[in-house]
Amino acid sequence: MTHLALDVSLFCRNPAGLLAFYQALLGPAEPAPDCGPIHCALRLGPAELGFNKTDAHALLGLADRIPGDDGIQAFATFQVTEEAEVDAIADRVPDLGGRVVKGPHRTWYNAWQVVAADPEG
């Protein structure tokens, strides 16, 4: 294997909108060059966070797995090096159209964490 990278994609209604949300939330990250009408992605180091319109379910053979609007489809964890960065991210979430579900707190494994929902929940 000459190259290994992790790409994670979230199904959503507005790929470009979520790309803009996460780009503003997480700071300097570039959109991937292959963004199109039903998919776009944000480069985060060696990984990509992709956003697919629900139309992609059928293209991927997953048409029978489209969840309802109220279900969590996936969650992403972003790790930062300083606790102050977690606090700053939590402060930006509401301004960007998201919602803080659980404010910054200490986890059982001693991490400083915030749980947030993006504009699509």
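Six bridges tie strand 1 to strand 4, and the two run parallel. Strands here are DSSP runs of E with at least two residues, helices are runs of H or I with at least four, and both are numbered from the N terminus. Two strands count as paired if DSSP finds at least two bridges between them. The model is a predicted one, so to speak of a local feature takes a pLDDT of at least 70 and side-chain atom pairs count only at pLDDT 80 or more, while totals for chains, interfaces and linings use all residues. Residues are numbered from 1 along each chain as its sequence is written, and side-chain values use heavy atoms, with hydrogens and water left out.

Back to the sheet. Along the parallel pair, serine 9 sits opposite glycine 50 of strand 4, and leucine 10 sits opposite phenylalanine 51 of strand 4. Strand 4 also pairs with strand 3, this time antiparallel, through six bridges. Here cysteine 40 has phenylalanine 51 of strand 4 as its bridge partner. Strands 3 and 4 make a hairpin with two residues between them, and glycine 45 in the turn has a positive phi of about 65°. Put together, four strands form an open sheet in the order 1-4-3-2, with mixed pairing. Strand 1 and strand 2 are the edge strands, each pairing on one side only. Strand 4 is mostly covered, with five of its seven residues buried; buried means under 20% relative accessible area, exposed means over 50%, and partly exposed is in between (1.4 Å probe, protein chains only).

Histidine 39 belongs to strand 3. Leaving out neighbours within four places in sequence, histidine 39 is in contact (heavy atoms within 4.5 Å) with Ser9, Asp34, Gly50, Phe51 and Asn52. With asparagine 52 there is also a side-chain polar contact of 2.7 Å. A polar contact is a pair of N or O atoms within 3.5 Å; within protein, one must be able to donate a hydrogen and the other to accept it, and residues adjacent in sequence count only if both atoms are side-chain atoms. The C-alpha atoms of histidine 39 and alanine 56 are 8.0 Å apart, although 17 residues separate the two along the chain.

Next comes helix 1. Its twelve residues should span 16 Å at 1.5 Å a residue, and the end C-alpha atoms are indeed 16 Å apart, which agrees; the expected span is 1.5 Å times one less than the number of residues. Pro15, Leu18, Leu19, Phe21, Tyr22 and Leu25 are the buried residues of helix 1. Seen down the helix axis, they fall within an arc of 160°, so they line one face of helix 1. The arc is that of the directions from the helix axis to the C-beta atoms. Strand 1, strand 2, strand 3, strand 4 and helix 3 are among what covers these buried residues. Right after helix 1 comes glycine 27, with a positive phi near 95°.

What about the nonpolar core? The term stands for a set of buried Ala, Val, Leu, Ile, Met, Phe, Trp, Tyr and Cys residues joined through side-chain atoms within 4.5 Å. The largest one has 14 residues, and Tyr22, Leu25, Leu42 and Phe51 have the most contacts inside it. Strand 1, helix 1, strand 3, strand 4 and helix 3 each supply at least two residues of this core. Helix 1 gives the most, with five residues. Tyrosine 22 touches Leu10, Gly27, Leu42, Leu49, Phe51, Phe78 and Asp118, not counting residues up to four places away in sequence.

Helix 3 has its own buried set: Val86, Ile89, Ala90 and Val93. These cover an arc of only 100° around the axis, which puts them on the same side of helix 3. On the other side of helix 3, Ala84, Asp91 and Asp95 are exposed. The buried residues of helix 3 pack against helix 1, strand 5 and strand 6. Glycine 97 follows helix 3 and has a positive phi, near 95°.

Strands 5 and 6 run antiparallel and are joined by five bridges. They form a hairpin with five residues between them, and asparagine 110 in the turn has a positive phi of about 70°. Histidine 105, in strand 5, is buried, with a relative accessible area of 15%. A polar atom of the histidine 105 side chain lies 2.8 Å from the backbone oxygen of glycine 103.
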